[in-house]
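Here's a friendly walk through a structure you may be meeting for the first time. Have a look at it, and then we'll go through it piece by piece.

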Amino acid sequence: MATFQAVKKVVTLSPTVRTLPSGIPFAPLLNTAARAPHDAHGHGAAGPRSDVAPRWVGGISLSSAGLVSKTSTTVSPSVNFQQRFISTSVARKDAPGVPDFSTYRTNPDSNRNLSYFMVGTLGVISASAAKSSVSEFLQSMAASADVLALAKVEVELSSIPEGKNVIIKWRGKPVFIRHRTAAEIEEARASNWQAFRDPQSDEERVKKPEWLVMLGVCTHLGCVPIGEAGDYGGWFCPCHGSHYDISGRARKGPAPLNLEIPQYEFSEVEEKLVIG
Amino acid sequence: MSFSNAIYNTVFKRNSVFVGAIFVSAFAFGIGFDVGVTKFYDSWNKGKQWKDIRDKYVTAD
């Protein structure tokens, strides 16, 4: 009966509720160190298994008190025991079996320069492409050559006698050109211009005192004033009665400002006037 | 070796110098490219442009 009990104990394994300090579950009858034999799965093995300890080093025996595990030696029971770990060792650089590849490796310094040069070249090309696209786009908004050619008007000054007015068309607007006499210049300069509605001296309004060039558009509502008329010997706007003097300054009537002076210049020894 | 090291130390080492060199050379490259293309265009179209044949038609001025 006792034998039966012991056998029963062998078959009914105790549950592994306890864990050893090493982390292995406590299983008294389970040999966790046993490995498979190296003899081709045990077929045709000659002699004792090399990984099974011989009987004289100890083992499990059955006694009347139950299973007894007894170890007579202190060394590892298996003869060629070798624990396998995951290897963390690094390869030796001066390993004798590895050939010397240093002649095949590229020069890190010149490689670095070439890489930076390539990056810089790409930057140069893309920067100049960006600059050129921006500037071409801005140029597309500029006036074209034919528009610029129409924007200027040339006037032969020698054909205008002294004391006469000439009206020409420039950019759709009339332009008055007056060849002033010396008396008119004197009159324009002698006036007390600081007291005018739009105070401006005659020197500010003309580049050469004998030539007065102005836009012939009344500053009140845009009519074209009549020359050599009005109370001041200059221009008179028939629409609402504005009077301009011989320098084109507003003197009387509703006009708020003097007649506008366009951009002009004399060219080729005063023979021509270029407006625009 | 020392030459490439000198280039690296003068141009590439500081990013500010690198970017500045890129912008300066982009400016120079743009001008050079423009001049080169214009020269090539003029030599390719020699005798066809107005500035080449102007002397035949405009005598005065």
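## A four-strand sheet in chain A

Let's start with a sheet of 4 strands in chain A: it is open, its order is β7-β8-β9-β10, and its pairing is antiparallel. At the edges sit β7 (226-227) and β10 (250-252) of chain A, each of which pairs on one side only. Keep in mind throughout that this is a predicted model.

Zoom in on one of those edges. Strand β9 (residues 242-245) of chain A runs antiparallel to β10(A), and 2 bridges join them. If you'd like a pair to look for here, try His243(A), which stands opposite Lys252(A) in β10(A). As background, strands of a sheet pair through backbone hydrogen bonds, either parallel or antiparallel.

## A three-strand sheet

Chain A has another open sheet to show you, this one with 3 strands in the order β3-β12-β11, again with antiparallel pairing. Which strands are its edge strands? They are β3 (153-156) and β11 (264-267) of chain A, and each pairs on one side only. From one strand to the next, the twist averages 25 degrees.

Now for the pairings themselves. β3(A) and β12(A) are antiparallel and pair over 4 bridges. On the other side, β11(A) pairs with strand β12 (residues 272-275) of chain A, also in the antiparallel sense and over 4 bridges.

Val274(A) in β12(A) is a handy place to pause. Glu154(A) stands opposite Val274(A), and Val274(A) is also the bridge partner of Glu265(A). Elsewhere in β12(A), Lys272(A) is the bridge partner of Ser267(A).

## A hairpin and its turn

Next up is the hairpin of β4(A) and β5(A). These two strands run antiparallel and are joined by 6 bridges. One pair to find is Lys169(A) with its bridge partner in β5(A), Pro174(A). The hairpin has 2 residues between the strands, and Arg171(A) takes a positive phi near 55 degrees there.

Gly172(A) is in this turn too: it is found in the loop between β4 (165-170) and β5 (173-179) of chain A. Is Gly172(A) buried or exposed? It counts as exposed, because it has 5 C-beta neighbours inside 10 Å, and 12 or fewer is the cut-off for that label. Along the chain, Gly172(A) and Ala151(A) are 21 residues apart, while their C-alpha atoms are separated by 9.9 Å.

## Chain A as a whole

Stepping back, chain A holds 5 helices and 12 strands. Of its 276 residues, buried ones make up 14%. What about contacts that reach along the sequence? Taking the contacts in chain A between residues at least 6 apart in sequence, 44% join residues at least 24 apart.

## Chain B, helices and no strands

Chain B has 3 helices and 0 strands, so to speak an α-α-α pattern when you read along the sequence. Buried residues make up 3% of the 61 residues in chain B.

How many residues does α2(B) have? The count is 30, and the helix reaches 42 Å from its first C-alpha to its last, close to the 44 Å expected at 1.5 Å a residue. α2(B) is hardly covered, with 2 buried residues among its 30.

## Where the chains touch

Chain B meets chain A through 14 residues, which are in contact with 12 residues of chain A. On the chain B side, the elements that give two or more residues are α1 (2-12) and α2 (15-44). The largest share, 8 residues, comes from α2(B).

What kinds of residues make up this side of chain B? There are 10 nonpolar and 4 polar residues, and no charged ones.

## How confident is the prediction?

The model scores ipTM 0.83 and pTM 0.43. For chain B, the average pLDDT is 90, and 95% of the residues score at least 70. Among the elements of chain B, the highest mean pLDDT belongs to α2(B), at 95, and the lowest to α1(B), at 86. That puts α2(B), which gives the largest share of the chain B side touching chain A, at the top of its chain for mean pLDDT.

Definitions and conventions:
Residues are numbered from 1 along each chain as its sequence is written. Chains are lettered from A and ligands numbered from 1 in the order in which they are written. This is a predicted model: local features need pLDDT of at least 70, side-chain atom pairs count only at pLDDT 80 or more; totals for chains, interfaces and linings use all residues. Two residues are in contact if their C-beta atoms, placed from the backbone, lie within 7 Å. Ala, Val, Leu, Ile, Met, Phe, Trp, Tyr, Cys and Pro count as nonpolar, Asp, Glu, Lys and Arg as charged, and the others, Gly among them, as polar. A residue is buried if 20 or more other C-beta atoms lie within 10 Å of its own, exposed if 12 or fewer, and partly exposed in between; C-beta atoms are placed from the backbone. Two strands pair if DSSP finds at least two bridges between them. Axes are lines fitted to C-alpha atoms, for helices over the stretch in contact, and angles run from 0 to 180 degrees between N-to-C directions. The expected span of a helix is 1.5 Å times one less than its number of residues. pLDDT is the predictor's confidence in each residue, from 0 to 100.
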